Amino acid sequence: MQRDLLRRLVSLPLVLLLTSVVIFLLPYLTGIDPTLSIIRARIGERTIDPAAVAQLRSELGLDRNLAGQYILWVSDIVQGNLGFSFVSRAPVDEILRRGLGVTARLTVTTLTLALLLALPLGILAAQRPGSWLDTLVTVGCQAGVAIPQYVLAPLFILLFALWLGWLPSAGWRGPTFMVLPVLTLLPAPFAYFTQATRAALLDVFNADYMRTARAKGLRRPILLYRHALRNALIPVATLVTLWLAGLLGGSVIVEVIFAVPGLGRILYDAVISGDLPLLQAGLLLLVGLAIVISTLTDLLYLLLNPAMRLSQSR
Amino acid sequence: MLSTEQPLTRTPLPLAATVPQPLPARSRRRLPLGFLLVGGILLVIVIATLGAPWLAHHDPNQQVLTARLQTPSSLYPLGTDHLGRDLLARVLYGGRSSLLLSALAVLLAAGIGVAIGALAGRVGGLFDEVTMRLVDVLIVFPSLVVALVIAALLEPSFGALLLALTITGWTIYARLARALTLDVLARPFIEAAVAAGVSEGRLLLRHVLPNISGPLLATSFLRFGHTLLTVAGLSYLGVGVQPPTPDWGAMLAEAQPYMQRLPLLLIAPALLIFLTALAVTLIGQRLTAYFDPRQR
Amino acid sequence: MHYRQSRLLALLLLGLLLAACAPIGDLPTAPAATTADGPKMLTIAETFWPDSGYAIETDDAFVLTAWGTAETLIKIDFDGQIQPALAESWTQPAENQWSFTLRSGVTFHNGEALTADAVVTAFTYLFAAETPPRGLSPENISAIEATDAQTVIITTVEPDLLLPNRLTAPSFAILAPAAYASTPPNAFGTGTGPFILAEEIPAQSATLRKNEQYWGGLVNLDAVTVLAAPDAETQATMLRTGEVDIAQQLPIPQLPLLEVDSAITVVRAPQPRATTLYLNNRQGPMADLLVRRAVLHAIDKRALVDAILEGVGAPAAGPFAPNEVWVNPDLTPDTYDPEAAKALLAEAGYEEGQLTLNLWTYPARTNLPPTAVALQQMFADVGIAAEVRIAPYNALEPEVLAGNFDIFIVSRNHLLDNYDPEGFLQADFGCEGSYNLNGYCNPTVDGQLAEARTLADPEARYALYRQIEQTIVADDVASIWLDYTEQLYGYRTGVVNYRPHPLGHYLVTPELDLAR
């Protein structure tokens, strides 16, 4: 285990460096002139002064060569300076922090709800494998994943905001604004968690030690909760943490439709408006989060899985 | 199964958490019927989109500005959209670009991913280490964001989309191919082949690849469904297939303002995306269970 | 070992639950509008949320005047007339000088007094800014002085008859001197208007409170909440559910649904905005006048208005709408003649299907993408193959400016910089114009524009503008104008004294009220 962790610690910075170069270069592949984008963002359709363009370009350091800009960028970031948005001139770390907070809340709520709903359903389905209920659950889960968010969201708005008037249609100004976005994001993780619970439980039910427990004559409920669930939850728990990273950036569509000022929305706007510092820092943040979460997931798996720990300590 | 040589393996992939489903024998007789039904739906959709030139009586891009937003009639079986284009034709042709793009993306991702993954499994060492760390990080990365960034920054076109989808899709295959390759390489017949002096290339191509193709095929079905939804999502956001080429996702975005006036404009492409994604995923799931190594 | 795992899992779940239950966002602190004796509050939807930190030299200045928080020296009123605002009167003491007498007794929201020095501070900041408002170019300003407490004199390099006109643009709003201590200037509580910009939740909402000491008199409403609604669809939904009382940009496709809603009144406001085809006059196939004429005749403008605008707007003859005083009445929008188009193409040397053009536009204005697709069809009908490319404006503009395009469809507002089309004509059609996407250059037009700038008599200027319009529309076909778009505003019953402003400068006014 130590050797694995050591190898990981060495190779991760390499990965981070590699991805940072890619992230930095990505916007330049486009040919979008960031200076022009900035000016357009500020003055809209009004006429541009060419002298202002040139001045702005040199001020932002955009007239230097790419390598120089990259080094400047990296050294800034390492010192904790994420730069200022080209468009709003607000500090990037503030913008990202706000967005991350919003998306994190949205994500955590969705995943918690999904887990709370998925566990009982998965258990139920695993207890009756092959039954009509089981098939219904399987098909239902896959159906939930197959309905795109951009179909669900407008339908929900139509139903709950327009027709019933129960919920607001867009924005992020209170608890009620969270309901529809969460509802739209829910089906996919819920489906995967249910399936994972079911699969993991079935795995466990057929394992040798379960047969031993059954042979000992233990009643079903005790069987379930003490032996099966604990071990079955291991892959599910790791799945939840993986989804955490996935949803942090993957909720773009929901955030756009419901006007939620989250990280996905911020990145989307940054792409559209050519706001380089925000885009680059935002992508770097996502990569960083992905690394942290994937490492935590491995640690979690290690902690929870006694078999792994036993084998490692041999 | 768990050796110290394998790095910490958590659940192989989020998708494959649906993988091991040892089903009691009783139900295995019942499921093929469902499998046939689902396969049938998929087949109908694929044939319909392939046969678009014969099934559609109108040019999907032909606008008749005086015949906008019409309800189904004998002339236009599904009605017309906001520019007077035949909805049925657009739905059928729309399938072609969506399905073709998704299929190509999956093939490319699979090709690249399997190559890298199998190589990593065979070669090991630093290459394996760095590649798998990269995969670990990228797999967690939300693919929609990456695809969005790439497709939006490059000029949105078939090629740009293909590139974006391939870049975000290969990691799943790499991880799976690597795990499967390691599994196969541990088997005795490989030792025999190596002892007999089989070359590396031949080993991978003739001995490893055929034995790992089953689960890879199953995963491809699952990935196809996921890719289809992503393609439609990108088109919905405006960075996917460009007009006037019909595309289910783009049609959804165009139909939204008219949602309450003519719901069919929204329902038709939505239903097709849903059915196709559902069918492919169910088939993929069934195949995964079939190829599950634990059942051997 | 088992217990430790269970506890870990339990902790994880608990953590998740707690995080989910944490209160989110900030609720607007403005009081509810529904109580009978309580404060009167209105909610409005805003499409273009300030994203430059309310920097007054940027487009963000538009919301500052629209929300009634900041004011300019001179304004355009709801009838399109120039009126005094913070400046009581103005004269031209010398050919290149303008003198403005400020209203006395006006205080900023933070207590500071409106003096000539405050105006000088404000304008000095503007002209030194990175992206100064182009309406009044810094190169043309030689001096701004406060000759006494209430008088400001602006001296220009060249005589500028339109200076007062240009000062009506929202960027020339005056904020308190203390505001300019920071960059961008602090717009909160530093204006002079009937409402005070009190607080905001970034990208979400802003709260405006009544200015009890407003120089212009009584203010009806006690507070206004402005909500960010990024697209027209969302605004329509919010209006229909009652989440907002006033929406500024409703989508045309929803017009039939909104019109039958008894709680909503829809207002169609003409805009100085036309959907325009910019044509590459310098290189490529569009450089040939015959081809430009052919393209003009290939387009059925009425069909576009009926289908895409659903009648909310009118076909355009040229850049100026029929209700504008300087329009040339002899130009007609009915130029649809596919046979003539084909003949012209043949004359230019193209056989059917031989000519390929690229047709670019951007999705920010919802009518543009469908217009591009419809045009593609119309071109195909006369034998021109068109490739449509829809991309964000920022991605296209550099290539257009570099001359690598054929046709660029733009929604162009020609009264942004000043309330006189001279700025637009110079920028778009002057040989040295900064928005001359066409690459058009006609020395006669340049001469006419230069002459117009020296004429004090509006009628004389308008006569020149009409001649220029004739040249660029009919003679040279520098651009092709498709249609004038109208903006759809909507408000719920109960809202009183609401009127759209012809330039979108003002929305929240002292007269705006809520009926009980």
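Helices and strands are taken here as DSSP runs, a helix being at least four residues and a strand at least two, numbered from the N terminus. On that basis, Ala203(C) falls in the loop that links β8 to β9 (205-210) of chain C. The model is a predicted one, and this loop is one of several places in chain C where the backbone calls for attention.

Ala203(C) is not a glycine, yet its phi is positive, at about 65°. In general, most residues other than glycine have a negative phi, and most peptide bonds are trans. Ala203(C) is buried, with 22 other C-beta atoms within 10 Å; the cut-off for a buried residue is 20 or more. The peptide bond between Thr183(C) and Pro184(C) is cis, with omega about -5°. Pro184(C) belongs to the loop between α4 (163-166) and β8 (195-201) of chain C.

A further positive phi in a residue other than glycine, near 45°, is found at Val477(C). This residue is placed in the loop between α14 and β17 of chain C, and is buried as well, with 23 other C-beta atoms within 10 Å.

The helix that precedes this loop, α14(C), comprises residues 458-475. Its 18 residues reach 25 Å from the first C-alpha to the last, close to the 26 Å expected at 1.5 Å a residue. The buried residues of α14(C) include Arg461(C), Leu464(C), Tyr465(C), Ile468(C), Ile472(C) and Val473(C), and also Tyr462(C) and Glu469(C). They cover an arc of only 160° around the axis, and therefore lie on the same side of α14(C). The underlying rule is that an α-helix has 3.6 residues a turn, so residues three or four places apart point the same way. The cover over the buried residues of α14(C) includes α12 (422-429), α13 (443-454) and β17 (479-492) of chain C. On the face turned away from the buried side, α14(C) carries the exposed residues Glu459(C), Ala460(C) and Asp475(C).

Chain B offers a contrasting case in helix α7 (residues 188-195), which is hardly covered: of its eight residues, the count that are buried is zero. After α7(B) comes Gly197(B), with a positive phi near 95°.

Helix packing can be followed through α10(B), residues 264-291. Within chain B, this helix packs with α3(B), residues 87-123, at an angle of about 25°, their axes being 11 Å apart. That angle makes α3(B) roughly parallel to α10(B), and the crossing is right-handed. On the α3(B) side the meeting residues are Leu87(B), Val91(B), Gly94(B) and Gly95(B), and on the α10(B) side they are Leu264(B), Leu265(B), Ala268(B), Pro269(B) and Leu272(B).

α10(B) also meets a helix of another chain, α6(A), residues 132-146. The axes of α6(A) and α10(B) come within 9 Å and cross at roughly 135°. This angle makes α6(A) oblique to α10(B), and their crossing is right-handed. Here Val139(A), Gln142(A), Ala143(A), Val145(A) and Ala146(A) meet Phe274(B), Ala277(B), Leu278(B), Thr281(B) and Leu282(B).

Chain A, to which α6(A) belongs, has a secondary structure of 15 helices and zero strands. Of its 314 residues, 51% are buried. Among the contacts in chain A with a separation of 6 or more, 72% are between residues 24 or more positions apart.

Technical notes. Residues numbered from 1 in each chain as written. Chains lettered and ligands numbered in written order. Predicted model: local features only at pLDDT ≥ 70, side-chain atom pairs only at ≥ 80, totals over all residues. Expected span 1.5 Å × (residues − 1). Buried ≥ 20, exposed ≤ 12 C-beta atoms within 10 Å, placed from the backbone. Arc of directions from axis to C-beta. Contact = placed C-beta atoms within 7 Å. Axes fitted to C-alpha atoms, helices over the stretch in contact; angles between N-to-C directions. Parallel < 35°, antiparallel > 145°, perpendicular 65-115°, else oblique. Left-handed = near helix turned anticlockwise from the far one by under 90°.
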